[in-house]
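Visitor: I would like to learn how to read a model of this kind, one feature at a time. Where should we begin?

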Amino acid sequence: MEDLGRRIVGGDPEATGNLDPAELGRRYQVSHTVVREALKTLAAKGLVDARPKRGTFVRPRNEWSLLDPDVLRWRFTQRGDLDMLRDLAEVRSVVEPAGARLAAERRTEQDVAALESALRRMADTAADPVAHTEADLSFHRLLLAATHNEIMECLEVVIAAALSARDRLVHSSGERPGFAATHQAVLDAVRDGDPDAAESAMRALLDQAGRDEASL
């Protein structure tokens, strides 16, 4: 139940405390079965729970699965959350330089070709914020995939969900100087198999991203 998830994460007063499944069914004009399945989905994300005698209720924020892609997306779209952008920047500063280093050490020819294709799509879609964002996300996903580390690759789900929200803000405000050059530098270092240069280039890319966010 997309709308209920957004309302809970956004702090809607009507979506806090106890929830009445029957009322939810009337509000959204759906069956009890649909409500039950929706609440199960939200429970899996840590947002709600149900207990005997207490009923169905919204769980405290510190018990939510904040790394769940839907929770991340709802948090941003509902609140325009600049704190989220800060948190994302801190996560990226830890994960992506290390990922670029590993990618430079382990990339295959197929990995490099895929990154080159993503970079070309970024250049070709500079005038289309939605397509440009998708190409940017693809580049970062492929970079983590090039580490050939299964745990590192799993982190792309979290980064991608939040990065999408961040990029839609940044790219919708117009073309950013240096954007293409920073990504090209990462690709060049990965292609050359230079871990130090790849890590340094990724840090430069993230510094540029920070300046972009600061100008919003």
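Guide: Begin with one helix and ask which of its residues are hidden. This is a predicted model. In α9, the buried residues are Phe-179, Thr-182, His-183, Val-186, Leu-187, Ala-189 and Val-190. Seen down the axis of α9, these buried residues fall within an arc of 165°, so they line one face of the helix.

Visitor: Which exposed residues does the face of α9 turned away from its buried side carry?

Guide: That face carries Ala-180, Ala-181 and Asp-192.

Visitor: How many residues does α9 have, and what does it reach from its first C-alpha to its last?

Guide: For a helix, set the end-to-end distance against the expected span. Helix α9 covers residues 179-192, which is 14 residues, and reaches 21 Å, close to the 20 Å expected at 1.5 Å a residue. Just after α9 comes Gly-193, with a positive phi of about 70°.

Visitor: Which residues have a positive phi although they are not glycines?

Guide: Look up the residue type and then its place in the chain. Gln-29 is one of them, with a phi of about 55°. Gln-29 lies in the loop between α2 (21-28) and α3 (32-44), and at 74% relative accessibility it counts as exposed. His-148 also has a positive phi of about 55° and is not a glycine. His-148 belongs to the loop between α7 (129-145) and α8 (150-172), and it is partly exposed, with a relative accessible area of 43%.

Visitor: Is Thr-147, in the loop between α7 and α8, buried or exposed?

Guide: A loop position does not settle that; the accessibility has to be read. A residue is buried under 20% relative accessible area. Thr-147 has 0% relative accessibility, so it counts as buried. Not counting residues up to four places away in sequence, Thr-147 touches Gly-99, Leu-102, Ala-103, Arg-106, Met-152 and Glu-153.

Visitor: How many residues does the largest nonpolar core have, and which have the most contacts inside it?

Guide: Read a core by its members and then by the elements that supply them. The largest nonpolar core has 21 residues, and those with the most contacts inside it are Phe-139, Leu-143, Val-186, Val-190 and Met-202. The elements giving two or more residues to this core are α5 (82-106), α6 (109-124), α7, α9 and α10 (195-214). A second, separate core has 15 residues, including Ala-15, Leu-24, Leu-42 and Trp-74.

Visitor: With neighbours within four places in sequence left aside, what is Val-186 in contact with?

Guide: Val-186 is in contact with Phe-139, Leu-143, Ala-201, Met-202 and Leu-205. His-183 is found in the helix already discussed, α9, and at 1% relative accessibility it counts as buried. With the neighbours within four places again left aside, His-183 is in contact with Leu-119, Met-122, Asp-136, Phe-139, His-140 and Leu-205.

Visitor: How far apart are His-183 and Leu-115 in sequence and in space?

Guide: Here one reads two separations together. His-183 and Leu-115 are 68 residues apart in sequence and 9.9 Å apart in space, C-alpha to C-alpha. Another such pair is Leu-39 and Leu-4, 35 residues apart along the chain, with C-alpha atoms separated by 9.3 Å. Leu-39 is found in helix α3 and counts as buried at 10% relative accessibility. Apart from residues up to four places away in sequence, Leu-39 touches Leu-4, Leu-19, Pro-21, Leu-24, Val-48 and Thr-56.

Visitor: What share of the contacts with a separation of 6 or more comes from residues 24 or more positions apart?

Guide: Such residues account for 66% of those contacts in the protein. Buried residues make up 42% of the 216 residues.

Visitor: How many helices and strands does the protein have?

Guide: Count the elements, then read their order. There are ten helices and three strands. From the N terminus on, the order is α-β-α-α-β-β-α-α-α-α-α-α-α.

Visitor: How many aromatic pairs does the structure hold?

Guide: Ring pairs and charges over rings are read separately. The structure holds zero aromatic pairs. The charged end of Arg-54, though, sits over the ring of Phe-57, 3.6 Å from its centre.

Conventions: Residues are numbered from 1 along each chain as its sequence is written. This is a predicted model: local features need pLDDT of at least 70, side-chain atom pairs count only at pLDDT 80 or more; totals for chains, interfaces and linings use all residues. Side-chain values use heavy atoms; hydrogens and water are left out. Rings of Phe, Tyr and Trp (its six-membered ring) pair if their centres lie within 6.5 Å; planes under 30 degrees apart count as stacked, over 60 as edge-to-face and the rest as tilted. A charge sits over a ring if NZ of Lys or CZ of Arg is within 6 Å of the ring centre and within 35 degrees of the ring normal. Helices (H or I, at least four residues) and strands (E, at least two) are DSSP runs, numbered from the N terminus. The expected span of a helix is 1.5 Å times one less than its number of residues. Buried means under 20% relative accessible area, exposed over 50%, partly exposed in between (1.4 Å probe, protein chains only). The arc is that of the directions from the helix axis to the C-beta atoms. A nonpolar core is a set of buried Ala, Val, Leu, Ile, Met, Phe, Trp, Tyr and Cys residues joined through side-chain atoms within 4.5 Å. Contact means heavy atoms within 4.5 Å.
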